[in-house]
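Biologist: I have the complex open in front of me and would like to go through it with you. Could we begin with the interface and then move on to the individual chains?
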Amino acid sequence: MKRLISLTIASLMLLLSACGNNASSGEQPAAEGPKDLVVALGSEPISLDPQDASDGISLHATELIYDKLVTFDKDMNIIPELAKEWSMSEDGKSWTFTLQEGAKFQDGEPVNAEAVKASFDRILDKNNKLKRRSLFADFIESVSVESEYKVTFQLKFQYAPLLATLAHPNGGIHSPKNTAEKGKSVGKSPVGSGPYQFKEWISGEKLVLEANPNYWGEKPKVKSITFKPVVENAARSLMLETGEADVILPIPATDIDRLKNNDQVKVELYPSNRNLYMGMNTQKAPFDNVKVRQALNYAVDKETIVNKIMMGNAKPAEAAISGLTWGYSPVGTYPYDPEKAKQLLAEAGVKPGTTIKLWTPEGRYLMDRQLSEFVQANLQAVGFNVEFRKWEWGAYQEAIDDPNSGYDLFLLSWAVPTNDADWGLRPNFSTEGSNNRTLFSNAELDALIDQGMKTTNEEERKQIYAKALQIIKDEAPWIFLVEMKQPIGVRKNVEGVYGSNTERLILRDADKK
Amino acid sequence: MSQIDLALQQDESTSEHAYASRSQWKMMVSRFKKNKRAMVGFWMVVFCVTVALLAPWVAPYDPIEQNMQIMLEGPSLSHPFGTDEFGRDILSRIIHGTQISLMTGIVGVLIAVILGVALGTISGYFGGLADTLIMRIMDIFMAFPSFLLALAIVSVLGPGMINVMIAIGIFSVPTFARLSRSSVISIKDKEYIEAVKAMGGSNLHIIIKHVIPNSIAPIIVLSSMRIATAIITAAGLSFLGMGAQPPTPEWGAMLSTGREYLRVAPHVSTMPGLAIMFLVLGFNMLGDGLRDALDPKMKL
């Protein structure tokens, strides 16, 4: 009978486990002065080395630790950061930046031209195998020191989005002393010159950054910023409501309305240039056939995803990049037409009942698991047998980085931190692209992307990208899904937090009353 | 009680031994029938088995088909248990889920019984080095908390219901091996075993015809209780995403996905939670009753 009781209680506990999660009391210490700002995100950073981090979560944190030469302001204008001014040679291939004087890294080393050169040499060096190498290496020839505070970038060709690319979080400047000492492991012990410095990182629990007392710019307003990975959507909302978290991202679509009515909380939907897509392994049958890829696009009901799953907090994607990104042109979305999909599949000789694998992260993007389950049902409806698997974010990244892991379809998204079509397309669709997990290869498209990168005339570039986007739509290596919005929840006593168009959670000016 | 009566009839043979076991059965059945709690458990399990067998006919809707127009609706006449985040009928999903839960419970325990009884009998009957070796390995297995062990096994094998069944089977083996070893030891020196030995019966013959049949009673009791544990464990693994993958209507998985909607639609996770409780309670009461009926002195 004891067993019986304990098992009954165990099953009840299973049932109630959700309620228990993180539902601790919302008491805040009434201490005066600077405080700790708690940020709950859907998953945790992968690396704090901006040159080796390719996921948005990591970059939320690196933006606080590192300064870049230039940065974006709230309206996406490029403004000075470590560089106070810059000039371009007549042929546009040589750019000289003059640095702020007196800036120091968090380890006390001075920020000078040598340091900037060392930082860029590190990412440009092929042997370092850093994930974001191609962001810079494809157009930078070399970096040279002019004087203590003057550094020159020699380009391979005139590159229109140069400044935007330097404003990418991946352009964060490392302390040369730290990279020399730690090598690849700087991802776990980063040193930059930003307003917040690394304190501790307990994987799966929290990452703590503390204010850098010697920051050269405007002093940070809170004592520390703690990032917590909270996979559970419901738990994240609850943390915001109880005050256990000051900032949460993302807010589950089902909770947005409720939180809007809470007078302790501000809910803001920021536009974001993130497009969500379902990638296909285009090297693998049947996805090597363009008809099958188009069929999948016809099979998915984007309108219902937007209205029912995202509850209106998104819109159907009309191109491979978002409408906010420079170089966008709407090439249109595939209408929802399961009959057409079936017909295309029949033409391609795909037998009903063909088994395919669909992989998805959970908690990384707004309603990601739900969206994937819905797509699964859509694809089952046109005759596929879809094996579903959900992954933890870190393991998922590793799995989809390796084509031999066996994926067919994978849910992923791309935000363009440079806000320019070049970095929207080059990593994802060029044959050698660093994020080309669909293994898509098309010579004509490669040529267009290359041409777009090397052209400076704005009109010409726009036309090139329009053509490229059209080819991508027709070739359909993705199931184009939705343009996201970024729902950020903030406690009323917190100010200065916002989401940028490039989907950064900007915390540099955060203040907690 | 028809199953047990049937077993009784099949058991009829001419030997003295069979006659004795027949009267034992009768006593057992009458003791079981007198135990109200056991009978309630028995009928709860019968109910679930019936629902599982008739699932395609009794479920009012397709358990997998989505209808986004009616997502997250509360219980109503047309959907007595409400609908989930994809507008699927929760009642139909629970009915189909009964099949999965029963299947994992029964298959998992069956694997454990076959392996456990085989190992335990060898160990108890032959003793010596085989005994030491087998039982020490079992000890190693028992050193791990059972759920953790199951989780580790599924992590290695990869998620999926078949792997969950294997994991449940493996983590239950030591319990069965120990139990069957101890009951084999208690009977292997009895006179009737000696008699068969004296008549020249081979070890295999003795084990299969005499040792196992006479040591199986506690195994049956333990099985019915382990099925309950197995169902909970399977639901737990699915809850953590290691078991059934969408859109399979597995109770633990339903419970898990429903959590996100706990504030807006509590029925989505409450209903499968109640279903798990019902079935597990049934098996536990049945197991307790079987124990009392088979041997009132036996303690498990």
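Modeller: Yes, keeping in mind that this is a predicted model. At the interface, 35 residues of chain A are in contact with 37 residues of chain B.

Biologist: How much area is buried between chain A and chain B, and what share do carbon and sulfur atoms give?
Modeller: The buried area between the two chains is about 3300 Å², and carbon and sulfur atoms give 62% of that.

Biologist: And the charged side: how many salt bridges are there between chain A and chain B?
Modeller: The count is 5 salt bridges between chain A and chain B. In one salt bridge the side chain of B:E260 meets that of A:R369, with an N to O distance of 3.8 Å.

Biologist: What about residue pairs in polar contact across the interface?
Modeller: The rule finds 8 such pairs between chain A and chain B, where both residues have pLDDT 80 or more.

Biologist: Which elements of chain A give two or more residues to the side that touches chain B?
Modeller: On the helical side they are helix 1 (2–20), helix 7 (233–242), helix 8 (253–260), helix 10 (302–309) and helix 12 (368–381), and they are joined by strand 15 (385–391) of chain A. Helix 1 of chain A gives the most, with 11 residues. As for character, the residues on the side of chain A that touches chain B divide into 16 nonpolar, 9 polar and 10 charged.

Biologist: Switching to the records, what does UniProt list for residues 78–435 of chain A?
Modeller: The unreviewed UniProt entry lists that span as "domain: Solute-binding protein family". In the model, residues 78–435 of chain A are 30% helix and 25% strand, and the end C-alpha atoms of the span lie 25 Å apart.

Biologist: And chain B, which residues does the "domain: ABC transmembrane type-1" annotation cover?
Modeller: That annotation, again from an unreviewed UniProt entry, covers residues 98–287 of chain B. The span is 83% helix and 0% strand, with its end C-alpha atoms 19 Å apart.

Biologist: Where does UniProt place the "transmembrane region" features in chain B?
Modeller: According to the unreviewed entry, they are at residues 38–59, 100–126, 219–244 and 264–287 of chain B. Residues 38–59 of chain B are 95% helix and 0% strand in the model, with the end C-alpha atoms 28 Å apart, while residues 264–287 of chain B are 88% helix and 0% strand, with the end C-alpha atoms 38 Å apart.

Biologist: Back to chain A: does strand 10 run parallel or antiparallel to strand 1?
Modeller: Strand 1 (residues 36–41) and strand 10 (residues 224–229) of chain A run parallel and are joined by 6 bridges, with A:D36 having A:S224 as its bridge partner in strand 10. Strand 10 of chain A is also joined to strand 9 (residues 206–211) by 4 bridges, and these two run antiparallel; here A:V208 has A:T226 as its bridge partner.

Biologist: Any backbone details I should look at, such as cis peptide bonds?
Modeller: In chain A, the peptide bond from A:L249 to A:P250 is cis, with omega near -10°, and A:P250 is in the loop between strand 11 (247–249) and helix 8. In chain B, the peptide bond from B:P246 to B:P247 is cis, with omega near 0°, and B:P247 is in the loop between helix 10 (217–239) and helix 11 (251–258) of chain B.

Biologist: And what is phi of A:K129?
Modeller: Phi of A:K129 is near 50°, a positive value in a residue other than glycine, and A:K129 lies in the loop between helix 3 (113–124) and helix 4 (133–137) of chain A.

Key. Residues numbered from 1 in each chain as written. Chains lettered and ligands numbered in written order. Predicted model: local features only at pLDDT ≥ 70, side-chain atom pairs only at ≥ 80, totals over all residues. Heavy atoms only, no water. Pairing = 2+ DSSP bridges. UniProt positions renumbered as here; feature names shortened; annotations may be inferred. Contact = heavy atoms within 4.5 Å. Buried area = accessible area lost by both parts, 1.4 Å probe. Salt bridge = Lys/Arg side-chain N within 4 Å of Asp/Glu carboxyl O. Polar contact = N/O pair within 3.5 Å; in protein donor to acceptor, adjacent residues only side chain to side chain. Nonpolar A, V, L, I, M, F, W, Y, C, P; charged D, E, K, R; others polar.
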